[in-house]
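Colleague: I'm new to reading strands and sheets. Could you pick one part of this predicted model and take me through it closely, then show me how other parts compare?

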Amino acid sequence: WTADGQKICIAYADGAVIVGGVDGNRLWAKELGMDLLFVEWSPDGRNILFSNTQGHVYLYDNQGNKISRLPLHAAASAPSYDEDGEEEENPQGNIVGIDWYDGSRGRIDVDAPDLAIAFTNGKVQITCGVATNPTKSVSQRGESKNDDGGDKDGEIVEVTVNEPKTVLIDTGMKLAKCQWNCNGSILALAGSQVTKLANGEVRKLCMVQFYSPFGQHLKTLKVPGKNISALTWEGSGLRIALAVDSFIFFANIRLDYRWGFFSNTVCYAYNKPSRQDHSVVFWDTHSGEHHTKHIKHLVAVRAAGENCVLASRADDKVLLKNKKSGGSTMVQQHSLVLCNAIGSPVDSKDISVNPVYLAMTACHVIAANEHAVYVWQYRSPVSKLASIGSNTGQSLGTQGLLDVTNSTSSNSAKSKHGREHVFHIDADPSRTCVSGLGYISKTNMGKKSGDTKKLLIDILTKGTADAITCIAANDRCLVVGRESGTIQKYTLPHISLENKYVVRCRPQKIALNCNSTKVSVIDINGVMTFLDLEKRYEGANGQTQIGEQLDFERKDAWDMMWAEDNPDLIAVMEKTRLYVFRGLEPEEPVLSSGYLCKHSDLQIKAVMLDEIMQQPTTPENDTVVDFPTKSLRDVREILKNVGVEEAFAYIETHPHPRLWKLIAEASLERLEFGVADKSFVQCSDYPGIQFVKNLKMLNDKVKQKAQVSAYFERFDEAESLYCDIDRKDLAIDLRMMLGDWFRVVQLVQMGGGSGDDELLRRAWKEIGDYYASRQKWNKAVQYYASAKEPAALVECYYLLEEYMCLEKLVRIIPQGSPLLCNIGKKFQSVGMSQSACLAFLKAGDVKSAIDCCVLLNHWDQAVKLAQEHEFPQIEGLLAKYASHLLGKGEKLQAIELYRKAKKSTQAATLLASLAQDAGKTKVDPLGAKKLHVLAAMEMEELRTRVLDTQIKNMGITGSEVKDPDAEDEDDFVAELRPARTKARMKMTAANQTAATLETLVQLDAATGENRSLDNAWKGAEAYHLFMLAQRQLYKGEMEAALVTSLQLRQYDDVLEPREVHSLIALTAYYNEAWGQCSKAFIELESLKAIACSKEDKEQYTKLALSIFRSNRPTDPPDVAELVASIDMGRAKGHPICMMSGRPIDEKRAKGVYKCRRCSRKMHENQLGGMNHCPLCHMMLV
């Protein structure tokens, strides 16, 4: 069947193949023309594999079309034996099994091989998919060469290599069956092994070997019988069924999960089918909280002390060459990440040693492959204590140690980054060990010496005949097990080889007791033995030997853990039983299938990982189980059924701190303080001794019982006892000590305690803090309000964005309180300038109020505050901010800033510059006129403010000043009403002269830097008349256009002369005023090169010649008279009508209007019904 169950392929031995659907319909049928043995679908259902009796495997698509033949590297690489032990020349049916894992339950690694092909000769080929060329090109690193072909020391270069994706396994058996487990992490290979004894007898053993997808031998299961004909996995992958002869055997399989336990936290990894990475869960078994992080290419997990380490495979590799052997080795890079109890990274290291075996202590992480060992002393409080003294001198055994850390680095720097060591298993680490470096790359190798490079490469590439099979460590030493049974012991933290020992097995798992005197070993067949590291005996050569393998064996062991506080106690898992050994004597076993995680205080903690992995996202508390040892169970039984005295006598013969603690607690329950005191002394519990002493001083047994109940955390019972004797004050004190302020409120409201109001306020405040710490601000506000805590209310209202409530607090809080400044800053942070200023001013901090207005761009309010409170620093800040805006090119924002700050001169200057820039573009003359009008209006605003100030200083009210709207008055100058007014009579001529002079001086000082502001309306007039002439010209009012254009001659400092004289020449031409036209052309031809190019001047000359060849350069009489009147009006200073452009003779003209704002005049008959000024658009009255 396909993985999704939608198709079935039926293959017959004669080569006939039928493919059908789940509905029973035949999809296709075909004769392949060969004798078939096996058929297997690909995981995606797109391909089918067929194997024949000749030992070949062919790949077809799902329509029956042949694609290719698979290359088989293990088909005939070893002989096969029959049942009698004779070698078979041509074994029939060379392939005995094909299994392709479908990936339905995820993968242990995204690159893990999944297609297994087993052969009769004991060889197994595992590949990734069915590519015809089972290689892939990856980017690697290798050594570079000098120009002369020699090796270039200390440099690594990028190379491209072909990495085979095929794993070959030699089981040494005659295979019968193969099958993956449910998640593709274990491959089971069933078969038999034939051995010939010395007497010629042939012995056949049935067995099942288990391998990882990468070819690592995990375990061997020996099975009684002659032949294994079939095997299958249970759906969960925890059991396997074997058909042996006429029997069916079931075996429990203990999976090697990636997990660890530390600080009451279980860290475990699992696979999701929908993800290619690993999900790592950090589960706090006390609080029930769990955190998940995702790690790509996770290899192993270990935990100890306060941290755990996650080992993962990196994407890059290094190709290293060994010059001694001439060979090269591909080194896969890995990383170690140190995490805390919530999965946050604490530290990390990149290493070039493949962490096939990983161990961890409270201050070391040890990783090893088959021939090299890497030791990292990571940063932790324990490692700091362990490294004390390392800065003052080297320990024994470190002489000759090759230290490749940077010679300029200080000891403190080394301690900060931790210490690393790499050594070869066959070498003495005290002489050939690389320190400070565990990762080889082109970057870091360039900084190291040639000797260091050679040594590191030699360690990483040099193989060994006796490979490492397991490692273990504690705080003082490291032990390494090897294939031959040799166990090597090294000291920590200064690494040196202490001794070598030999056991009569191949170690698969190894563990050290707490004082490093014994080692427990589990071999590949599940047999556990002990090795005494300190026992001395006389060897065969008569010499004293150290370390002896004890005469002790336990079968079917799969997990073990020594006690942390007793070197003779060890917990061992055998099948589904937990045994505790004291020395070599076992205690009564208990049923369990848990993985051991902690063994201390006569109690073993186990984690039911099999159950957790069924629902890894929601671990349950009942999956962590505590098992007491026999002595702990016995003492509890004696205390329950006999008495304290008998239990005390039993513990004296079996002393342990945990037992003394147990009897002390039992004595407290029974108020037998004498026994309790002795027991606390035996377990060195000083707080317990003091507690018993305080209990003896109490004269009330009820109080003593209440104290004991509180000691055992039965707080409700203790409170009830206090209430029974009418001592609610003691109950309140108990709840206050526990931080249970909700209950404190209830007890106070029930009438307990003194100083109820103060106590209630404190309780409400504490409850508010409780909710605030959990970010439940709505509830916190209620209790803070009851507690009358304005500071806390401010924070809550701000976080809730209840700004109306904050404003109410401002009105309630007393003036000058520092809390008002805090409120003001919060209003400022959300842009509420007015509320912020109110808070700052009530706090008496004027500067903060002004700074708030400036920060929020409320400059008018800032200037007002500065003036009211005589704060002169606003001038410098205003100039600084305006310069900032101008530097960014934001002139309009700077103008608005100056206007709000009443800096009319600066605003007018910027507006005038903008108007000039707009005029130079020659695109929008109307826009230039508007900007000039705005600049002039700013100057009028300045003039008005100066005059108002002078009038105020002279003590004259506004009603006594001449009405500026009156038609017969000139500009709004500091003129006073006629002598009939009271103020006018009070003023002397000297005072009036002085006021006028002061006004002129201030206006002159304001416009001193830019003289164009003296007559700010001139620019607006220029552009107004320029556009008026254009409109008149286009309307056909030629004479009016000529008059207006001639008026532009007095604005040559605003308009470009080229534009003015071109317009005059054009209007004169249409009026046949050849004299004026000739003068205009003369002006154009005499322009400077900057204003007019040489080519343009030549064009003007040609145009003039074409005009004046037939026209004499004189004006008609009517035009000459008109020009004369214009020149006369200009000479006499007659104003120009803004509607027609003609001069106004005010003595003769009637019906003349004057604008109140710009003071410009116009003929009434020219207005044509308009009610506003054509220049500044002010309403006319």
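Modeller: Let's go straight to E24 and strand E25 (residues 278-284), which pair in the antiparallel sense over seven bridges. To find one of those pairs yourself, go to Val266: its bridge partner in E25 is Trp283. Together E24 and E25 make a hairpin, and six residues sit between the two strands. If you wonder what holds such neighbours together, strands of a sheet pair through backbone hydrogen bonds, either parallel or antiparallel.

Now look at the other partner of E24. Strand E23 (residues 259-262) is joined to E24 by four bridges, and this pair runs antiparallel too. Here Phe262 stands opposite Thr265 in E24. The hairpin of E23 and E24 has two residues between the strands, and in it Ser263 takes a positive phi near 50 degrees.

So is strand E24 mostly covered or mostly open? Mostly covered: of the seven residues in E24 (265-271), six are buried. While you have the strand on screen, keep one rule of thumb in mind: in a regular strand the side chains alternate between the two faces of the sheet.

Further along the chain there's another sheet to try your eye on. Four strands make an open sheet in the order E37-E38-E39-E40, with antiparallel pairing. Strand E37 (468-473) and strand E40 (497-502) are at the edges; each has a single partner strand, so one side of each is left without a neighbour in the sheet. From one strand to the next, the twist averages 20 degrees. Between the edges, strand E38 (residues 477-482) and strand E39 (residues 486-491) run antiparallel and are joined by five bridges. One pair to click on is Cys477 with its bridge partner in E39, Thr491.

Helices can pack side by side as well. Helix H16 (residues 777-787) packs against helix H17 (residues 790-800) at an angle of about 155 degrees, their axes 9 Å apart. An angle over 145 counts as roughly antiparallel, and H16 and H17 are therefore roughly antiparallel to each other. Their crossing is left-handed. On the H16 side the contact includes Trp777, Val781 and Tyr784, while H17 brings, among them, Leu793, Cys796 and Leu800. Sort the residues of this contact by type and you get eleven nonpolar, one polar and no charged.

Terms used
Residues are numbered from 1 along each chain as its sequence is written. This is a predicted model: local features need pLDDT of at least 70, side-chain atom pairs count only at pLDDT 80 or more; totals for chains, interfaces and linings use all residues. Side-chain values use heavy atoms; hydrogens and water are left out. Two strands pair if DSSP finds at least two bridges between them. Axes are lines fitted to C-alpha atoms, for helices over the stretch in contact, and angles run from 0 to 180 degrees between N-to-C directions. Angles under 35 degrees count as roughly parallel, over 145 as roughly antiparallel, 65 to 115 as roughly perpendicular and the rest as oblique. A crossing is left-handed if the near helix is turned anticlockwise from the far one by less than a right angle, and right-handed if clockwise. Contact means heavy atoms within 4.5 Å. Ala, Val, Leu, Ile, Met, Phe, Trp, Tyr, Cys and Pro count as nonpolar, Asp, Glu, Lys and Arg as charged, and the others, Gly among them, as polar. Buried means under 20% relative accessible area, exposed over 50%, partly exposed in between (1.4 Å probe, protein chains only).
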